[in-house]
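I opened the notebook on this chain to look up confidence first, then the sheet, then the surface. The entries below follow that order.

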Amino acid sequence: MILYFSATGNCKYVAERLAKALGEEMLSMMECIRTERYDFAGESIGIIAADL
């Protein structure tokens, strides 16, 4: 599972590439907050975000 936050689209692009290459699910952190989804499970969880 790959969680990402992307304000400009750059992190989303990286998350899409990684998710496709690894066959993983990709979730937007903002969408998780909007839908109140805070419970995640998986063998591995990656987080992609940029430091501005």
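**Confidence**

I began with confidence in the protein chain and found it lowest in strand 3 (residues 46–48), at a mean pLDDT of 93, and highest in helix 2 (residues 29–34), at 96. I note that this is a predicted model, and that the mean pLDDT of the protein chain is 92, with 98% of its residues at 70 or more. I keep in mind that predicted coordinates should not be read in detail where pLDDT is low.

**Sheet**

Next I looked up how the strands are arranged, and found three of them forming an open sheet in the order 2-1-3, with parallel pairing. Strand 2 (26–28) and strand 3 are the edge strands, since each pairs on one side only. I also looked up the twist, which averages 25° from one strand to the next.

I then followed one pairing in detail: strand 1 (residues 2–4) runs parallel to strand 3, and the two are joined over three bridges. For a residue to look at in this pairing, I noted Leu-3, which stands opposite Ile-47 in strand 3.

**Surface**

Which residues make the nonpolar surface patch of about 400 Å²? I found that Phe-5, Met-30, Ile-33 and Tyr-38 make this patch. I picked out Met-30 from the patch and placed it in helix 2. Is Met-30 buried, partly exposed or exposed? I entered Met-30 as partly exposed because its relative accessibility is 34%, and that class lies between the cut-offs of 20% for buried and 50% for exposed.

Technical notes:
Residues numbered from 1 in each chain as written. Predicted model: local features only at pLDDT ≥ 70, side-chain atom pairs only at ≥ 80, totals over all residues. Heavy atoms only, no water. pLDDT = per-residue confidence, 0-100. Helix = DSSP H or I, 4+ residues; strand = E, 2+ residues; numbered from the N terminus. Patch = residues over 30% accessible without salt bridge, like charges linked within 9 Å, V, L, I, M, F, W, Y side chains within 5 Å. Areas by Shrake-Rupley, 256 points an atom, 1.4 Å probe, with all protein chains shown as cover. Salt bridge = Lys/Arg side-chain N within 4 Å of Asp/Glu carboxyl O. Buried < 20%, exposed > 50% of the residue type's maximum accessible area, 1.4 Å probe, protein only. Pairing = 2+ DSSP bridges. Axes fitted to C-alpha atoms, helices over the stretch in contact; angles between N-to-C directions.
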